[in-house]
Amino acid sequence: MAAGLTGEEVQELYRQHGPALLAYGTSLLGDFAAAEDVLQQLFLRLLTMKAPREPRLYLFKAVRNRCLNVMRGNARLAPLDPREWLIKPQGMAEAGLEVEKAVRELPPEQREAVVMRIWCGMTLAEIASVLEIPLNTAASRYRYALEKLRGLLKETR
Amino acid sequence: MNPDRDDEKLESYLRQFHARAPRPLVLHQPRRLFRPLAVIAATAAALLIALVFLFPGWRRQGAQTFVVPEAGPIAKEISFARLSRFARQSPDKLEEHLNELSARTLPDVRAGQGVLKRLARE
């Protein structure tokens, strides 16, 4: 059996990638608590498996697969925990809520691309790798997402 | 109007908001927990063995006591001490006494229809 990562290594990965993965998971599930649960289970699993070659990409792919499984097994109309997943700077609480609302209104593929690019800090190549799509497709999804967000946020900004 | 410039402005606006951190990760590490448990179990076992050897009386106190049933009159008669005493006091009557005792304790090979009777005949 392969030696798993140590607790310290797992905690370090969680500290580094936890917020981005949670934002990504929440954008997929629309449920903050469910996304947190997915993360907890995934990081516990890391204790028993060999260290992935590219931890960041592995973690995003794993979160995506787990979220898709949750969505398949638990198809519901409304999210149970639509908690705010963005931290708003002082005086921008209202604007932050508008951003969250606008992101929720994007089509799922565009939402995924924009969350990964803006709040997870991924390159378009990384997004394409995680989603297993061509780079051009990732780029166009992102471009469409920005266009739509611009329209939705016009009044707020 | 430059669309790339517009994209950059929108991106920097969106990046003012940061992703919220998840709740702290609670790791249960059963494999690492096993080692201290094994050490505790081994220490407890060693301590118990040491106690048993250092305080043998403690073991007897705690041990279950069995009540030995009272020996019957024949069992008393055929005890080694009693037979030795009998042999010293009246050696001439020892054989007769043993015959009498064996007739009372051993099965009669001539009685009944069992295997012993058939063997006695042969």
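**Exercise 1. Strand pairing between the chains**

In this predicted model, two bridges join E1(A) to strand E1 (residues 18–19) of chain B. Determine how these two strands run relative to each other, and identify the residue of E1(B) that is the bridge partner of Ile87(A).

*Solution.* Step 1: the two bridged strands, E1(A) and E1(B), run antiparallel. Step 2: within E1(B), His18(B) is the bridge partner of Ile87(A).

**Exercise 2. The contact between the chains**

Describe the side of chain A that touches chain B: its elements, its main contributor and the character of its residues.

*Solution.* Step 1: chain A brings 29 residues to the contact, while chain B brings 18 residues. Step 2: on the side of chain A, the elements giving two or more residues are helix H1 (7–29), helix H2 (32–45), E1, helix H4 (93–105) and helix H7 (135–153). Step 3: H1(A) gives the most, with nine residues. Step 4: sorted by character, the residues on this side of chain A comprise 20 nonpolar, five polar and four charged.

**Exercise 3. Composition and confidence of each chain**

Set out the secondary structure, the share of buried residues and the confidence of chain A and chain B.

*Solution.* Step 1: chain A contains seven helices and one strand, in the order α-α-α-β-α-α-α-α along the sequence. Chain B also has seven helices and one strand, but its pattern reads α-β-α-α-α-α-α-α.

Step 2: of the 157 residues in chain A, 36% are buried; of the 122 residues in chain B, 3% are buried. In chain A, 72% of the contacts between residues at least 6 apart in sequence join residues at least 24 apart.

Step 3: chain A has a mean pLDDT of 89, with 91% of its residues at 70 or more. Its confidence is lowest in strand E1 (residues 86–87), at a mean of 88, and highest in helix H6 (residues 124–131), at 96. Chain B has a mean pLDDT of 76, and 68% of its residues reach 70 or more. Among the elements of chain B, helix H3 (residues 56–62) has the lowest mean, 60, and E1(B) the highest, 91. Where pLDDT is low, the predicted coordinates should not be read in detail.

Step 4: for the complex, the predictor gives an ipTM of 0.84 and a pTM of 0.62.

**Exercise 4. The geometry and faces of H4(A)**

Compare the expected span of H4(A) with the distance between its end C-alpha atoms, and explain why its buried residues line one face.

*Solution.* Step 1: H4(A) has 13 residues, and at 1.5 Å a residue they should span 18 Å. The end C-alpha atoms are 19 Å apart, which agrees. Step 2: the buried residues of H4(A) are Val99(A), Ala102(A) and Val103(A). Viewed down the helix axis, these buried residues fall within an arc of 100°, so they line one face of H4(A). Step 3: the face turned away from the buried side carries the exposed residues Ala93(A), Glu94(A), Lys101(A) and Glu105(A).

**Exercise 5. Two helix residues and their surroundings**

State where Val70(A) and Lys148(A) lie, how exposed they are, and which residues they contact beyond four places in sequence.

*Solution.* Step 1: Val70(A) belongs to helix H3 (residues 55–73) of chain A. Val70(A) has 18 C-beta neighbours inside 10 Å and therefore counts as partly exposed. Beyond four places in sequence, Val70(A) is in contact with Leu29(A), Ala34(A) and Val38(A). Ala34(A) is 36 residues from Val70(A) in sequence, and their C-alpha atoms are 8.6 Å apart.

Step 2: Lys148(A) is placed in helix H7 of chain A. Because 18 other C-beta atoms lie within 10 Å, Lys148(A) is partly exposed. Beyond four places in sequence, Lys148(A) is in contact with Leu106(A) and Gln110(A). Between Lys148(A) and Glu105(A), 43 residues apart along the chain, the C-alpha separation is 9.2 Å.

**Exercise 6. A backbone angle in a loop**

Which loop holds Glu132(A), what is its phi, and is Glu132(A) buried or exposed?

*Solution.* Step 1: Glu132(A) lies in the loop between H6 and H7 of chain A. Step 2: although Glu132(A) is not a glycine, it has a positive phi of about 55°. Step 3: Glu132(A) has 8 C-beta neighbours inside 10 Å, so it counts as exposed.

Conventions:
Residues are numbered from 1 along each chain as its sequence is written. Chains are lettered from A and ligands numbered from 1 in the order in which they are written. This is a predicted model: local features need pLDDT of at least 70, side-chain atom pairs count only at pLDDT 80 or more; totals for chains, interfaces and linings use all residues. A residue is buried if 20 or more other C-beta atoms lie within 10 Å of its own, exposed if 12 or fewer, and partly exposed in between; C-beta atoms are placed from the backbone. Two residues are in contact if their C-beta atoms, placed from the backbone, lie within 7 Å. pLDDT is the predictor's confidence in each residue, from 0 to 100. Ala, Val, Leu, Ile, Met, Phe, Trp, Tyr, Cys and Pro count as nonpolar, Asp, Glu, Lys and Arg as charged, and the others, Gly among them, as polar. Two strands pair if DSSP finds at least two bridges between them. The expected span of a helix is 1.5 Å times one less than its number of residues. The arc is that of the directions from the helix axis to the C-beta atoms.
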